[in-house]
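Visitor: I should like to take a close look at a single part of this structure. Could you please guide me through one sheet and the elements around it?

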Amino acid sequence: MRKHFLLFFILITSHLFSQENYPLIAKDAEAQKQWVDSVYNTMSIQQRIGQLFMAAVYSSKDKAHTDIIKDEIRKNHIGGVIFSKGGPYREAKLTNEYQDLSRVPLLIAMDAEWGLAMRLDSTYAFPWNMTLGAIQDNKLVEEAGKRIGEQCKRLGVLMNFAPDVDINTNPKNPIIGNRSFGENKYNVAEKAIAFMNGMQGAGILGNAKHFPGHGDTDQDSHKTLPTVPFSRARIDSVELYPFEKIFNAGIASVMVAHLNVPSLEKKEGVPSSLSHRIVTEMLQDSLGYNGLVFTDALNMKGAANYDEPGDIDLAAFLAGNDVLLISEDITKAVSKIESAYATGVISDERLERSVKKILMAKYLVGLNHYKPINTKNLHSDLNKIQDDVLYAKLMENAITVVKNKQDLVPVRNLQDKKIAYVPFGDDNHEAFIKALQKYTQVDEIPVKDSTVYAVNTALQPYNTVIVGLHRSNESPWKPYEFTDNEKKWLQEIAQNHKVILDVFVKPYALLDIPDFSNIETVIVSYQNSDIAQEKSAEIIFGAIGAKGKLPVTANAIFPTGTGINTPAISRLQYGLPESVGMSSEKLKKVDSLARVAISGGMTPGSHILIARYGKVIYDKTFGLHAYGTDAKVQENDLYDLASLTKVLATLPNIIKLVDEGKLSLNATLGQMLPELKGSNKENLKLLNVLSHYARLKPWLPFYLETLDKSHHPSSKYYRKEPEGDFNVKVANHLYIRRDIEDSMFVEIKNTDLLPTKHYVYSDFAFYFMKRYLEQYYHKQLEDLVQDDFYKSLGANYTTFNPLDKFKKGDIVPAEIDDYYRYQVVQGTVHDMGAAMMGGVGGHAGLFSIPNDIAKIMQMYMNKGYYGGIQYFKPATFDKFNTCYFCKEDVRRGVGFDKPQLSGGGPTCGCVSMDSFGHSGFTGTYTWADPDSGILYVFLSNRTFPTAENNKLVNKGIRTKIQQYIYDAIMD
C-alpha cells in the first residue's frame, strides 16, 4: 500500500485539481507528501479514525448545540465539520473556535449548491442548477462556480458539496428537480464540469453527487430508501455518464447516495452508500475514481433505517467510503471502527488510504498553513455588486422562449398595442410589472378571487395580455404549479387576446397546460427573483434577446433543447454600473452633489438618470417638489423641460423631413414659410438658423405687451374662463385670444436682424420650425410628435399640456409667478411665449421624465434606430450632429448643442466632440456621448420658487455631475 501511495504522489505532479483520476494531488506533490506523512505518522489510531468523520453543526442553534462539536473535536478527533442553517458571522466565529481546538485543521464543508444562501442568511443566492442548465455559454456557468467558490473560501468553507450531477429525468422527483442541470446527460456533464472548474479554480474542493444517480426517482432519500429500478446497461448509459466525465475532469470528491439499486447490488435493501459492490468495485475499481469518497448524510432515513448507529458507519467504511458524513452517533461509530481495526477486519492499509486522502485534500486547500477567518467586512465581501451583475448575466442567458407565434416577442409597434398584465401565483410580481412599465403603458389586471366573466370583462379594451406565473423563489422545493382556476383563466384569456405566458418557475409547470394552441408566446424564466423578472421584461420588449434552451422536457410540444432565439431591438436595458464598466462607489459623488444642490437652495429636488451603452445604470430622485412641503420627488413625476423641447420634440420631425428628402438644410426660411418672403428672414438658410448663426435676436418678452398698467393680464387679451375666441389656455383660470400666435409670428418676422453675424442663441428658430411643421403636415406639433415618435418609442410620460393626462400632484411645480400669471405654475408651461401658444411651443412646452428622455436620446445615439424602427438614416443624423461653423467659433450642431470649443461651456469639458445635447431654463439638461456610450439626464426645478435663483447654473452643478460620471468609468 505504501508503494502504491508513493507512486500515487510521484507520477502525477502537475496543476491543482486538474489530474485525471488523481484529483487530490497538489502541484507541489513532494511537499504535499511530506506534510501528509508527517501528520499521519504523529497520529494515534483513535486520531486517525476520527479523521473519517464530518459532523453537522447549525450556527443558528444555541450554545449547547454548537458546543457538542467541541466535545467531538476533543474526544473523537473528528476530521471536519459541515455547517448548515445559520448566519455567516456566527459560522465564522465557530469555525475559528473549532480550528483552534483541533490538533489537525478541520475540513470545513457546506451544501452550497447555489451559493452560501442555500444554508445561511445574509448571503447571496445564485441561480439554481436547472436555470444554469438553460444557458448555452458554459463559461458563464464557470463564472458562477468560481464566484460561489470565492464566497465559500472567504467564509472558511473549503469544501462545497456541489455540483449536483444527477440527471433529472423524472419531473416528479421530490428532492432533486431544480438542483439538477437537466435531463440531457451531455448538457448535465458539460455544465457540471464548467461549474467545477470555476469553483475548484477558486481553491475549493468540489463534490459530484449523488452517485450512482438520484435523478430518476419519485422518493426522497431523506425520508426513505428510493429504488432505482433500471438495468446496469441503462445506468451505465445515462446516470453514470456525467459522473465519469467529471471524474476524468478532476472533481475532488464524490458523494454516494442512499439508493436501492438492484441491478448493482444484489443483496436486497442494501443502500448504495453501504454497498461494497457499488462504492469499491464499481466506483473505485471499475471507474477508477481516486478522489475522496463521501457518504451522503448517514442520519437520512435512506441509510439510518438499515441498521443501528455505529453499525451503519462501520458498514459505510467497509463499503469503501473515505468520509462518513453526519453520523448519528460518532462515539459509537468510532468504537465500532476501532474494534474492527483491532480484530483485523480493517487493515492498516485500508485506514491509511482513507486518512491520507483526507489529509491530501486538506493540504490542497491550504490547511497546512491554516489562518483564522477575518470577519472584517465579511458581509460586504459575501454580497458584492458584482454578484448582482453576474446573476443578471446568468438570467438573461437562461430565460427561454419556447413558443413565439408570429414573432410576438419582442413586442414591436407600441403605438398599436394596448397591453395588460395578469399576475398568477402567490408570490411577488412587483419587479416584473415595474420593469414592463418602463417600456410602455402596461396596466395590471388582478384576477385573484375573480370570476372568468370578470377577467374577460376587465381585459376587453386590450389586444395583448402578458400573463405571469409567480411562485416562491425561497427554495427549489417550493410549489410551482398553476391552480385549477388559473388554468381556466389562461384558456379563456387566450381565446380573445394575444397572450404572452411567462412562468417564473421551473419548466415542469407547463406540463399542466393541456392546450397551447391559442397562446402565442411562452417564456420560461425559471425563478421569481427580482432580477429574473426584470430580465424577462427586457426580453419581452427587445432590450435583450432570448438565448436559453430548455434543460428538461416542459411539455410534449416543448422537449428538452427547445429554445427560440429572439432579437434585441435596441430598447433600453437596466442594470448596475459595473455591468458597463463603471463604479457604483464613484457614482456616490453624484448623490452627494445632488444633495448639496438641494441643501444649498439651488433647487428643491431633482431626478438624475445615467446610462451607458444603452443600459440605464443610475436612476435616482432627490428632494421635494418644493421647499417646505412633504411631496418627495417620485420616479414618474413630470418636469417642465423648457428648451429641451427643441431637441426632443421639434428637431426629430425636422430630421425626418430631411431624411425623406422633403427638406434641405440649404432651404431658406422664405421657401419653408412663404409668409416670410419679402422680410429680412427670407434668405436665411435652415442650416444657419438651427446652428444659431443667422443674426436672429435671442427672444422677445411677448407677454409684456399683453399686460395692463398694473402689470396684470389685460382684459383686451385674456379671460378667466374660456369664452369665444379667448380659448387658449395660458394657466389656471387664464385664457388668451386665439389669434395671439399669429401676432407673435408677425412680431418675430418684423424684428431687425443683429448687425453682425456671430453666434447668438435664439428661440426664434424654433418658433419658425413649429409653424413650418404644422403647416406642412396640417397637424399640431403635439400630435405630430406623439404619432411619429413618442407612441412608438414608448415615451408615454412625454407630452405637452400634461394636465390633460396626469394629476397635478404628479407634476413638479416650476415657479411662483408674481409678474405675469400670478399663481403657482404647475402643469402649465413656464416659458411665457409657449404659454401664450396654449402650452405648445417649438422651443418650450414639453414635460417628461428621465426614462422617456433617455429613450429619445438613445434613439439619437443609435443614429435613428430604436425599438426595431429606423426613424431616420444614420447619415441624416450625422448631418445634424455636425458643427458646421466651428471655425467661426460657433460650437452648435444643427439644433443640438455641442461641446465648448474652448474655456467654459455647456459640458464638463470631458466629453467627446461627437457628443451632443441641450439644456433648459428650468434647470434641465441632457447630453449623449457616442464615444464613451454615456447618456445623462438631469431634471430639476431650480426656478422654484423664483426664476431669479441662478445658483444651480452659477455653481455648475449639472456639469460637475457630468464630470463625476466620467470619473466613474473604470475601463
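Guide: In this predicted model, strand 16 (residues 605-612) and strand 30 (residues 934-940) pair in the antiparallel sense, joined by seven bridges. Within this pairing, H607 stands opposite L939 of strand 30. In general, the strands of a sheet pair through backbone hydrogen bonds, and the sense may be parallel or antiparallel.

Strands 16 and 30 belong to an open sheet of six strands, whose order is 15-17-16-30-29-28 and whose pairing is mixed. At the edges of this sheet stand strand 15 (573-574) and strand 28; each has a single partner strand, so one side of each is left without a neighbour in the sheet.

Two helices lie across strands of this sheet. Helix 22 (residues 584-599) lies across strand 16 and strand 17, and runs at about 25 degrees to strand 17. Helix 30 lies across strand 15, strand 16, strand 28, strand 29 (924-929) and strand 30, and its direction is at about 145 degrees to strand 30.

Helix 30 comprises residues 850-861, and N851 is one of its residues. The relative accessible area of N851 is 8%, which is under 20%, so this residue counts as buried. The side chain of N851 makes a polar contact of 2.6 Å with the side chain of Y574. The side chain of N851 also reaches the backbone oxygen of K438, at 3.0 Å. When neighbours within four places in sequence are left aside, the residues in contact with N851 are K438, L572, Y574 and L609. Of these partners, Y574 lies in strand 15 (573-574), and L609 lies in strand 16 (residues 605-612).

Another residue to examine is H625, in the loop between strand 17 (615-623) and strand 18 (639-640). With a relative accessible area of 6%, H625 is buried. Leaving aside neighbours within four places in sequence, H625 is in contact with several residues, among them P604, D637, G809, N941 and F944.

The aromatic rings may be considered next. A search of the whole structure finds 39 aromatic pairs. One of them is formed by F161 and F294, with 5.0 Å from centre to centre and 80 degrees between the planes, an edge-to-face arrangement. This pair links distant parts of the chain, 133 residues apart: F161 is in the loop between strand 4 (159-160) and helix 8 (185-201), while F294 is in strand 7 (residues 292-295). Both F161 and F294 are buried.

The rings of F877 and F896 also form a pair; their centres are 5.7 Å apart and their planes stand at 65 degrees, which is over 60, so the pair is edge-to-face. F877 belongs to helix 31 (residues 874-880), and F896 to the loop between helix 31 and strand 28 (916-920), 19 residues further along the chain. F877 is buried at 1% relative accessibility, and F896 is buried with a relative accessible area of 0%. F877 and F896 are also members of a cluster in which ring pairs link Y860, F872, F877, F896 and F916. Two members of this cluster lead back to elements already described: Y860 falls within helix 30 (residues 850-861), and F916 within strand 28 (916-920).

Methods
Residues are numbered from 1 along each chain as its sequence is written. This is a predicted model: local features need pLDDT of at least 70, side-chain atom pairs count only at pLDDT 80 or more; totals for chains, interfaces and linings use all residues. Side-chain values use heavy atoms; hydrogens and water are left out. Helices (H or I, at least four residues) and strands (E, at least two) are DSSP runs, numbered from the N terminus. Buried means under 20% relative accessible area, exposed over 50%, partly exposed in between (1.4 Å probe, protein chains only). A polar contact is a pair of N or O atoms within 3.5 Å; within protein, one must be able to donate a hydrogen and the other to accept it, and residues adjacent in sequence count only if both atoms are side-chain atoms. Contact means heavy atoms within 4.5 Å. Rings of Phe, Tyr and Trp (its six-membered ring) pair if their centres lie within 6.5 Å; planes under 30 degrees apart count as stacked, over 60 as edge-to-face and the rest as tilted. Two strands pair if DSSP finds at least two bridges between them. Axes are lines fitted to C-alpha atoms, for helices over the stretch in contact, and angles run from 0 to 180 degrees between N-to-C directions.
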